[in-house]
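Good morning, colleagues. Please take a moment to bring up the sequence and the structure before I begin.

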Amino acid sequence: MAGAIIENMSTRKLCIVGGILLVFQVIAFLVGGLIAPSPTTAVPYMSVKCIDVRKNHHKTKWLMPWGPNHCKKLKDFDEAVSRQIEANDIVFAVHIPLPNKEMSPWFQFMLFIMQLDIAFKMDNDLKENAEITLDVSLAYRDDMFDDWEEIAHAIEIRKLKCTFGSPKTVESEGRHYDCDFLPFMEIGSVAHKFYLINIRLPVNDRKGINVGIGEIKDIRLVGIHQNGGFTKVWFAMKTFLTPSILIIMVWYWRRITLMTRAPVLLEKVIFALGISMTFINIPVEWFSIGFDWTWMLLFGDIRQGIFYAMLLSFWIIFCGEHMMDQNERNRLSGYWKQVGPIAVGSFCLFIFDMCERGVQLKNPFYSIWTTEVGTELAMAFIIVAGICLCLYFLFLCFMVFQVFRNISGKQSSLPAMSKARRLHYEGLIFRFKFLMLITLACAAMTVIFFIVSQVTEGHWKWGDITIQVNSAFFTGIYGMWNLYVFALMFLYAPSHKNYGDDQSNGDLGVNSGEELQLTTTITHVDGPTEVYKLARKEAQE
C-alpha cells in the first residue's frame, strides 16, 4: 500500500513538473516571437569608385566615399578611360554603416558577401574559370573626425561563377552576367562605430592578374549583422537560464553524493551534460559589449560542439544502461564503438572551424572555400563528419530497438514481484519511455522549426500581432534543450525512498530463470549495486 502511494505521488509530481516545463517552453517561443525582433539584418552597400591620387601627395591612404573628406569620384569607367585613369588607380570604397548611422557592439558580428556587376563586351569577355584578385583593406574609427586605424589588409583571390543568358554577339554588349555571390569578410565583433573598406583590383598583364574577368561596372556588398534588440533578449535568456541550470546541477549532484555508493556512469554523463549546457549558458557575451573580442564566434562554435557531443554520447549511454542484458556497462570503455564516431566527427568539425574562423581572427577576408585545396579539405572534413554521424544514428537506432524489445520481454516477470517492487519497476519503464518520447519530440521540434524558419518570410502577421518566426526558433529551441537537461537531472536524481525488504531475490522473481535489470540507476539507498549483484548471481546460476 505504501509503495502504491509513493508511486502515485511520483507520477503526480512528474505530471506537475511536465506541465511547468511545458509552460516555460511556450514562454521561450513567445519571447522570441513577440518580444525579440528578427535575429539579423541585411544591409546593401554600393561601392563608390574613387581615384587614388596618393602619387600627388594625398594626405591619407584611406579613401572615403562621402563626408567632409570624401575622395575624388568617378561616375563610371567610361569617364576613367576618357580621363586616362588606369585601373590600378581606382579604389572601390564602402563606408559602414550608411550615412547618419552608427554601428553598435550589440550587433555582435558582421558578415559581408560580394556581388560583382560584370558587363559583356566582345573585346573583354569573361573567360572560363576566371579568378579575380582583390587588394582589400579594413579600417575603423569612433569619431567622424578621427584618423582611420587599420584592422586588416590582405590580397585575396575569388573564383568567378557567372552565366550569360543571351548569345554573345555585338547586340548583347552591355548586358550583365548573372554571377554568384562571393564570400567577402566576417568579423566576430562590432566594437567600433564606423568602418571603412577599400577594394582595389590590381591589373598586371604580364602575370595575368585580373585579366579576362570581363568589364566590371560596380561592386556591391551585402552586410549582415545581428539585431541589437535580439541580442538583448538573447543575453537576458542566458542570464536567466544560467542560475536555473546551476541550481538543479547542485541539487542533482548533492543527491548523488548522499548515496552510500559511488556515482554510476549514467549519473556522471547526465552531470557532464549539465556542465556542457551551463558552459553554453554562461553569458560571457556581456563582455563583448565593452571589449573587442573577435574570437567570440569561434568560442560559441566550440561551446555548441561540446554540448552536442555530450548530448549524443548521453543518448547512447542512456540506451545502453537500460539494455537489461548480462553485460555490466557501468564504464565508458564499454561504449567505445558508439562514442568513437562522435569523437571523430567532432574533431573533424573542430579542425574545419579552426581552418575557417580560426584563420579569420587574423584575416577577416579569408575563406577556406576560395581555393581548390581549401575546398577539398573542407569537404573531406565535412564528409567524414557526416559518415560518423550516420554510423552513430545506426548504432543509436539499433540500441533503442533492443531496449524496447527487452522491456517488452521482461515485463512478463513483473506479476511475480511484490506490489511495491512491481510498481517501482513499472515506474522505471514509464520513465524510460517518457524520456524517449520527450527526446523524439525535442528532435522533431528542432527539425520542424528549422525547416519552417527557412521556407517562411521570417515573420507571420495575425491582425495587429507580428510573430518573428526566426527569433522564435532560436529562443524556443535554446530554451527547449535547457528544459530537456533540467528534466533529465530532475527525473534521474537518486531518490532516498526505502522499499523495505523488497530487494530479496524472491521479490525480484529471479527463480524463473531470468534476472530483471531495467536500469543501472535504481534509486534506493544502495542503488545499482544490489541489482548488479543479483544479475551476476543469476547469470552464474
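Where is Gln108 found? Gln108 sits in the loop that runs between strands E3 and E4. I should state at the outset that this is a predicted model. With that said, let me stay with Gln108 for a moment. The phi angle of this residue is near 70 degrees, a positive value in a residue other than glycine. Most residues other than glycine have a negative phi, and most peptide bonds are trans. Gln108 is also buried, because its relative accessible area is 13%, below the 20% cut-off.

The loop between strand E3 (90-96) and strand E4 (110-119) also holds Pro97. Ile96 and Pro97 are joined by a cis peptide bond, with omega at about 5 degrees.

A further positive phi occurs at Asn129, where the angle is near 55 degrees in a residue other than glycine. Asn129 belongs to the loop between E4 and strand E5 (131-141). Is Asn129 buried or exposed? At 66% relative accessibility, Asn129 counts as exposed, since the threshold for that class is over 50%.

Let me now step back to the chain as a whole. The chain contains 11 helices and 13 strands. Of its 541 residues, 48% are buried. If we take contacts between residues at least 6 apart in sequence, 80% of them join residues at least 24 apart.

Next, the annotation. UniProt, in an unreviewed entry, places the feature "transmembrane region" at several spans, among them residues 233-253, 265-284, 296-318 and 472-493. In the model, residues 233-253 are 100% helix and 0% strand, and the C-alpha atoms at the two ends lie 30 Å apart. For residues 296-318, the corresponding end-to-end distance is 33 Å, and that span is likewise 100% helix and 0% strand.

I turn to the packing of the helices, beginning with helix H3 (residues 228-257). The axes of H3 and H9 come within 10 Å and cross at roughly 5 degrees. H3 and H9 are therefore roughly parallel to each other. On the H3 side, the residues in contact include Phe230, Trp234, Met237, Leu241 and Ile245. On the H9 side, they include Phe474, Thr475, Tyr478, Asn482 and Phe486. By class, the contact of H3 with H9 comprises 14 nonpolar residues, five polar and one charged.

H3 also packs against helix H4 (residues 265-281), at an angle of about 160 degrees and with the axes 9 Å apart. H3 and H4 are therefore roughly antiparallel to each other. Their crossing is left-handed. Among the residues that meet here are Lys238, Leu241, Ile245 and Met249 in H3, and Glu267, Ile270, Phe271 and Gly274 in H4. The contact of H3 with H4 divides into 12 nonpolar residues, four polar and two charged.

The third pair is helix H5 (residues 296-320) with helix H9 (residues 469-491), whose axes are 13 Å apart and form an angle of about 45 degrees. That angle makes H5 oblique to H9. The crossing of H5 and H9 is left-handed. Phe307, Leu311, Phe314 and Trp315 in H5 meet Trp481, Tyr484, Val485 and Leu488 in H9. Which classes of residue make up this contact of H5 with H9? There are eight nonpolar residues, no polar and no charged.

I close with two individual positions within helices. Thr475 is placed in helix H9. Thr475 is buried, with a relative accessible area of 0%. Setting aside residues up to four places away in sequence, Thr475 touches Ala28, Phe29, Val31, Gly32, Phe230, Trp234 and Met237. The C-alpha atom of Thr475 is separated by 9.5 Å from that of Gln25, although the two residues are 450 apart along the chain.

The second position is Gly358, in helix H6 (residues 336-360). Gly358 counts as buried because its relative accessibility is 17%. Apart from neighbours within four places in sequence, Gly358 is in contact with Leu298 and Asp353. Gly358 and Leu298 are 60 residues apart along the chain, and 6.9 Å separates their C-alpha atoms.

Thank you for your attention; I would welcome discussion.

Methods:
Residues are numbered from 1 along each chain as its sequence is written. This is a predicted model: local features need pLDDT of at least 70, side-chain atom pairs count only at pLDDT 80 or more; totals for chains, interfaces and linings use all residues. Side-chain values use heavy atoms; hydrogens and water are left out. Axes are lines fitted to C-alpha atoms, for helices over the stretch in contact, and angles run from 0 to 180 degrees between N-to-C directions. Helices (H or I, at least four residues) and strands (E, at least two) are DSSP runs, numbered from the N terminus. Angles under 35 degrees count as roughly parallel, over 145 as roughly antiparallel, 65 to 115 as roughly perpendicular and the rest as oblique. A crossing is left-handed if the near helix is turned anticlockwise from the far one by less than a right angle, and right-handed if clockwise. Contact means heavy atoms within 4.5 Å. Ala, Val, Leu, Ile, Met, Phe, Trp, Tyr, Cys and Pro count as nonpolar, Asp, Glu, Lys and Arg as charged, and the others, Gly among them, as polar. UniProt positions are given in the numbering used here, feature names are shortened, and annotations may be inferred rather than shown by experiment. Buried means under 20% relative accessible area, exposed over 50%, partly exposed in between (1.4 Å probe, protein chains only).
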